[in-house]
Amino acid sequence: MPEWDVDSYEGREYESDPDHRELFSDEERYEQYRLDKRKAFHSKGFIYIPLSGSYPIKDLEEIGYDNKTTREKMTNLTNLCIKKLNETKGKTVEFVHIVRVFKRWAAAWKSSITFMARESPNGPLVEYQAKVVTFPGDCKAPIPILCRPTPIDTHLY
């Protein structure tokens, strides 16, 4: 069971997998892959990680089995994370819109959602991140993992 406000990336170090070298026909493509993977790792799952099993949700307007769009579902999950953040940290963060979503399957779906929010009414837009676990067929209630402003990571620059 994930613990609130604890990121599974905390305390981990990036490691290159030498077995992936053989997947590339030339050194330049392999080095680009390694650079992209390092950037993705340091984003803590909020940008695409090559060969990781996570994938971007490209069509947020797709209708699901429950007759809701992916955007509606991700907005609801984001608001669940915001509610938990506001309750536990005494914040007043308000959802504005989804920027991007990545999902990964591992016994349940883990969604990494980047979104824009306001920290006060009429305040400036701030990029935020949320992670939440959902279960197939909604057999269990979703579990919010974290909600935070997007950290500025010097590894990406």
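Residue V126 is found in strand β4 of this predicted model. With neighbours up to four places away in sequence set aside, V126 is in contact with F115, M116, A117, E119 and P149. A further reference point for V126 is T150: the two residues are 24 positions apart in sequence, and their C-alpha atoms are 8.2 Å apart in space.

F115, one of the contacts of V126, also takes part in the aromatic arrangement of the model. The whole structure contains 2 aromatic pairs. In one that involves F115, the partner is Y128, and the geometry is tilted, with 5.7 Å from centre to centre and 35° between the planes. This pair links distant parts of the chain, as F115 belongs to strand β3 and Y128 to strand β4, 13 residues apart. Together with F95, these two residues form one aromatic cluster. How buried or exposed are the two rings of the tilted pair? F115 has a relative accessible area of 0% and Y128 one of 2%; because both values are under the 20% cut-off, both residues are classed as buried.

It is then helpful to turn to the nonpolar interior. In soluble globular proteins, nonpolar side chains tend to be buried together. Here, the largest nonpolar core has 18 residues, and the members that touch the most others are V101, I113, F115, Y128 and C147. At least two residues of this core come from each of α2 (70–89), β2 (94–105), β3 (109–118) and β4 (125–134). Which element gives the most? That is α2, with 5 residues. F115 and Y128 thus appear both in the tilted pair and among the core members that touch the most others.

V101 is another of these core members, and its surroundings can be listed in full. Beyond residues up to four places away in sequence, V101 touches Y55, P56, I57, L60, M74, S112 and I113. I113 is itself among the members of the largest core with the most contacts to other members. Apart from this core lies another one, of 6 residues, including A108, V133, I145 and L146.

Lysine side chains also meet aromatic rings at two sites described here. The charged end of K103 sits over the ring of W109, at 4.9 Å from the ring centre. For K140, the ring beneath the charged end is that of F135, with 5.1 Å to its centre.

Terms used:
Residues are numbered from 1 along each chain as its sequence is written. This is a predicted model: local features need pLDDT of at least 70, side-chain atom pairs count only at pLDDT 80 or more; totals for chains, interfaces and linings use all residues. Side-chain values use heavy atoms; hydrogens and water are left out. A nonpolar core is a set of buried Ala, Val, Leu, Ile, Met, Phe, Trp, Tyr and Cys residues joined through side-chain atoms within 4.5 Å. Buried means under 20% relative accessible area, exposed over 50%, partly exposed in between (1.4 Å probe, protein chains only). Helices (H or I, at least four residues) and strands (E, at least two) are DSSP runs, numbered from the N terminus. Contact means heavy atoms within 4.5 Å. Rings of Phe, Tyr and Trp (its six-membered ring) pair if their centres lie within 6.5 Å; planes under 30 degrees apart count as stacked, over 60 as edge-to-face and the rest as tilted. A charge sits over a ring if NZ of Lys or CZ of Arg is within 6 Å of the ring centre and within 35 degrees of the ring normal.
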